[in-house]
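Grab your viewer and let's work through a few exercises on a ligand and the pockets of its protein. Try each task yourself before you read the solution.

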Amino acid sequence: MALTLYAHPLSSYCQKVLIALYEQDVPFEFKLLSPEKPENEIEFATLWPLKLMPILVDGKRVLRESSIIIEYLDLNYATGSRLIPEEAKSALDVRFFDRVFDNFVMTPQQKVVFDYLRPAGTKGAYGVTQARDRLDAAYAWLESTLPDGWAVGEQFSLADCAASPAVFYASKTQPFRGRFPRLEAYLARLEARPTIARVREEGRPYWKFFPFAD
Ligand SMILES: N[C@@H](CCC(=O)N[C@@H](CS)C(=O)NCC(=O)O)C(=O)O
């Protein structure tokens with residue numbers, strides 16, 4: 001098998017890439033990053049000393065950063081419709097929404113989670129309030145912007161791969177039910193997609209470790 005993914009099923013950025021792999025129906029070996037597999041953790045730290053998962057290995061080539069991994073898969077392994085449109089202007093919109101979901105949804109939601117997990121005495125209430133405000137601002141903007149289908153145009157794209165874990169985890173960390181109906185409907189469409197349902201199912205055994213799990 002040519003491709004190896006170092007990842008964990010609960011990790012949002014790993015889920016983003018897993019959705020793309022399943023969408024493109026690309027076979028790969030999954031190397032679980034967990035203390036129960038120390039050999040995987042050692043290989044991973046050697047390949048990417050910054051230790052941010054996921055990474056994808058293709059022969060001698062190591063791909064880091066979820067969006068770059070998906071761009072690489074799309075360029076080299078796309079079997080179905082492309083996750084980044086070939087038409088340049090649409091591709092720019094897709095990349096923009098990918099940045100929105102990573103930077104303005106996933107990043108503040110991670111900040112709230114990381115603060116929750118910090119030891120008492122080291123927590124930062126100000127930073128958490130800022131992150132929650134940023135999430136609400138992102139929700140309001142998405143509510144006014146999201147179309148009825150996927151994030152950009154008719155086609156499921158990189159932007160939707162990024163949106164799925166970001167909006168799902170954010171919906172637990174900073175709930176929006178009843179406040180942002182378009183965003184709620186978009187999340188429901190995402191959750192109904194088979195590749196996303198599969199990824200969510202694979203994360204289920206670890207779900208109890210997410211601090212805002214319901
Ligand atoms: N910008 C990176 C972010 C990756 C990331 O934050 N991964 C998290 C898991 S969801 C991680 O590895 N965290 C470990 C750490 O912060 O030490 C990407 O898009 O791949």
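The exercises below use a predicted model.

**Exercise 1.** Find which residues surround the ligand, and sort them by class.

*Solution.* Start with the stretch Ser11, Ser12 and Tyr13, then pick up Lys51, Leu52 and Met53, and finish with Glu65, Ser66 and Gln110. Now sort that shell: you should get 3 nonpolar, 4 polar and 2 charged residues.

**Exercise 2.** Look for N or O atoms of Met53, Glu65 and Ser66 within 3.5 Å of a ligand N or O atom.

*Solution.* Take Met53 to begin with: a backbone N or O atom sits 2.9 Å from a ligand oxygen. Next, the side chain of Glu65 places an N or O atom 2.9 Å from a nitrogen of the ligand. Last, an N or O atom in the Ser66 side chain is 2.7 Å from a ligand oxygen. As for cover, the ligand alone would expose 510 Å², and the protein buries 71% of that.

**Exercise 3.** Which pocket does the ligand take up, and which helix gives the largest share of its lining?

*Solution.* The ligand's space is the largest pocket, with a volume of about 980 Å³. Of its 33 lining residues, Ser11, Ser12, Met53, Gln110 and Phe114 are closest to the centre. Then go by element: α1, α2, α3 and α4 each supply at least two lining residues, and α4 has the largest share, with 9.

**Exercise 4.** Work out which elements line the second largest pocket.

*Solution.* This pocket holds about 180 Å³. Its lining includes Phe168, Pro175, Arg177 and Glu191. Two or more residues come from each of α6 and α7, and α7 gives the most, 4.

Conventions. Residues numbered from 1 in each chain as written. Predicted model: local features only at pLDDT ≥ 70, side-chain atom pairs only at ≥ 80, totals over all residues. Heavy atoms only, no water. Near = heavy atom within 4 Å. Polar contact = N/O pair within 3.5 Å; in protein donor to acceptor, adjacent residues only side chain to side chain. Areas by Shrake-Rupley, 256 points an atom, 1.4 Å probe, with all protein chains shown as cover. 1 Å grid on protein atoms, 1.4 Å probe; cavity = no way out; pocket = protein on both sides within 12 Å on 5 of 7 lines; lining within 4 Å. Sits in = over half its atoms within 2 Å of the grid points. Nonpolar A, V, L, I, M, F, W, Y, C, P; charged D, E, K, R; others polar. Points joined across faces, edges and corners; volume = space filled by probe spheres on them.
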